[in-house]
Amino acid sequence: MAPVPKSMSAVVIEQPGGTEVLKYKTDVPAPELKEGEILVKNEYMGINYIDTYVRTGFYKSTMPVITGREGAGTVVATHPSVGDAFKPGDRVAYLIERGAYAELTAVPTGRALRIPDGFGTDQAAAAMLQGLTAITMISESAGFAQPRLGVSEGPRVLVLAAAGGVGSLLVQMLTVRGAKVIAAAGTAEKCERASKHGAQWTINYSEEDLVQRVKEITNGEGVEVIFDGVGKATFDKDLEMIARKGTLIMFGNASGGVPPLDILRLSGKNVKLLRPTLYNYIATREEFETYTKELFGLLESGKVSLDIHKVYPLKDVAQAHSDLEGRKTTGKLLLKP
Ligand code: NDP
């Protein structure tokens with residue numbers, strides 16, 4: 001194996017701001033491995049909406065920072081403490097807190113796993129964060145841990161931003177679990193994608209009245225579960241669309257954060273309100289491995305597929321952020337060093 005380079009290309013953010021603060025550099029020192037870490041030469045890295053929150057400062061981060069939470073590639077070095085757990089040449093995918101927008105990434109072994117043979121490195125990089133979010137939020141937040149076998153009428157579930165990265169996986173996985181999905185998205189083309197993924201009803205919420213349509217579809221009862229990654233723009237509508245005793249899962253802020261809430265607003269329908277994060281569902285190695293195995297199983301079986309919107313060269317990451325924030329994308333955005 002070739003010697004590990006001392007410097008690398010990476011995208012560094014020195015202060016919060018617009019896409020102009022994403023600085024592509026070719027002379028960034030390569031990470032030094034700490035105990036329990038492996039060094040991964042990235043082949044693909046995933047872009048997630050959370051990367052934009054780090055960039056803008058909506059989520060606070062110490063700066064300078066190399067953001068990016070997932071990737072896949074080949075192990076090129078290991079810390080002596082790692083032993084035989086991983087070795088150079090292993091093909092791995094990982095999920096971390098920061099450091100993926102780079103040629104090389106130091107990854108704690110607890111957050112890496114070998115990519116199954118026959119599974120593409122691009123697919124593995126694309127699957128991790130959004131796939132684990134969809135799977136854990138369905139199992140843990142909504143409590144649909146198993147397909148509801150023998151139940152003819154699955155619960156009606158509303159997914160917002162249903163053609164996005166997390167949204168398109170939610171639609172497919174919920175359908176596999178037997179839910180009847182109402183998919184809402186911002187264009188006719190996005191709605192079409194959600195239909196192909198199994199949604200029973202679609203609503204183009206840029207043109208149609210979301211609340212009214214959901215009421216029509218559910219005969220005025222509302223939906224049992226809502227998955228909302230849009231946030232501020234839709235939260236009040238969610239409280240109108242949720243059924244009595246329904247579960248409202250607010251998991252994102254694409255349109256901005258939901259303002260502080262008067263808790264009494266939940267009592268009108270005995271709503272269960274959650275604001276979960278993926279990382280608190282995969283805090284242990286057991287949780288991480290169990291859910292990742294389930295995710296890869298779903299992808300390998302063909303029951304769930306990944307839509308890769310585009311692979312951007314790392315130096316064009318600003319364009320990728322701009323496309324994502326401009327609602328111009330569907331599915332997954334990847335980077336390539
Ligand atoms: P997406 O690919 O879903 O992109 C965001 C989508 O949100 C857009 O395509 C758009 O779809 C919709 N949207 C609605 N209003 C706006 C707006 N004002 N500005 C921008 N987008 C808007 O991104 P991800 O799949 O990466 O993430 C989806 C959400 O899930 C994000 O809020 C993210 O923070 C959250 N998330 C949360 C996690 C957690 O642990 N809690 C983990 C992973 C993701 P449309 O045009 O159809 O409305």
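How many residues surround the ligand, and which are the closest? In this predicted model, the ligand is surrounded by 29 residues. The closest of these are Tyr53, Lys190, Tyr205, Gly229 and Leu278. The ligand sits in the largest pocket.

The composition of the shell was examined by residue class. Nonpolar residues number 14, polar residues eleven and charged residues four. Both domains contribute to the shell: at least three of its residues come from domain 1 (7-129 + 283-336), and at least three come from domain 2 (146-275). Four helices each supply at least two residues of the shell, namely H1 (49-56), H2 (121-141), H3 (165-176) and H8 (317-325). Of the shell residues, four belong to H2, which gives the most.

Polar contacts to oxygen atoms of the ligand were found at several residues, including Tyr205, Leu278 and Tyr49. Tyr205, one of the closest residues, takes part through its side chain, with a polar atom 2.5 Å from a ligand oxygen. Leu278 is also among the closest residues, but here a polar backbone atom is involved, at 2.7 Å from an oxygen atom of the ligand. Tyr49 likewise uses a polar backbone atom, and the distance to a ligand oxygen is 3.0 Å. The ligand on its own has 910 Å² of accessible area, and the protein covers 90% of this area.

Definitions and conventions: Residues are numbered from 1 along each chain as its sequence is written. This is a predicted model: local features need pLDDT of at least 70, side-chain atom pairs count only at pLDDT 80 or more; totals for chains, interfaces and linings use all residues. Side-chain values use heavy atoms; hydrogens and water are left out. A residue is near a molecule or strand if one of its heavy atoms lies within 4 Å of it. A polar contact is a pair of N or O atoms within 3.5 Å; within protein, one must be able to donate a hydrogen and the other to accept it, and residues adjacent in sequence count only if both atoms are side-chain atoms. Accessible areas come from the Shrake-Rupley method with a 1.4 Å probe; for residues, only the protein chains shown count as cover. On a 1 Å grid over the protein atoms alone, a cavity is a set of points where a 1.4 Å probe fits but cannot get out, and a pocket is an open set with protein on both sides within 12 Å along at least five of seven lines; lining residues have an atom within 4 Å of a point. A molecule sits in a cavity or pocket if more than half of its atoms lie within 2 Å of its grid points. Ala, Val, Leu, Ile, Met, Phe, Trp, Tyr, Cys and Pro count as nonpolar, Asp, Glu, Lys and Arg as charged, and the others, Gly among them, as polar. Domain bounds come from an automatic or database domain assignment.
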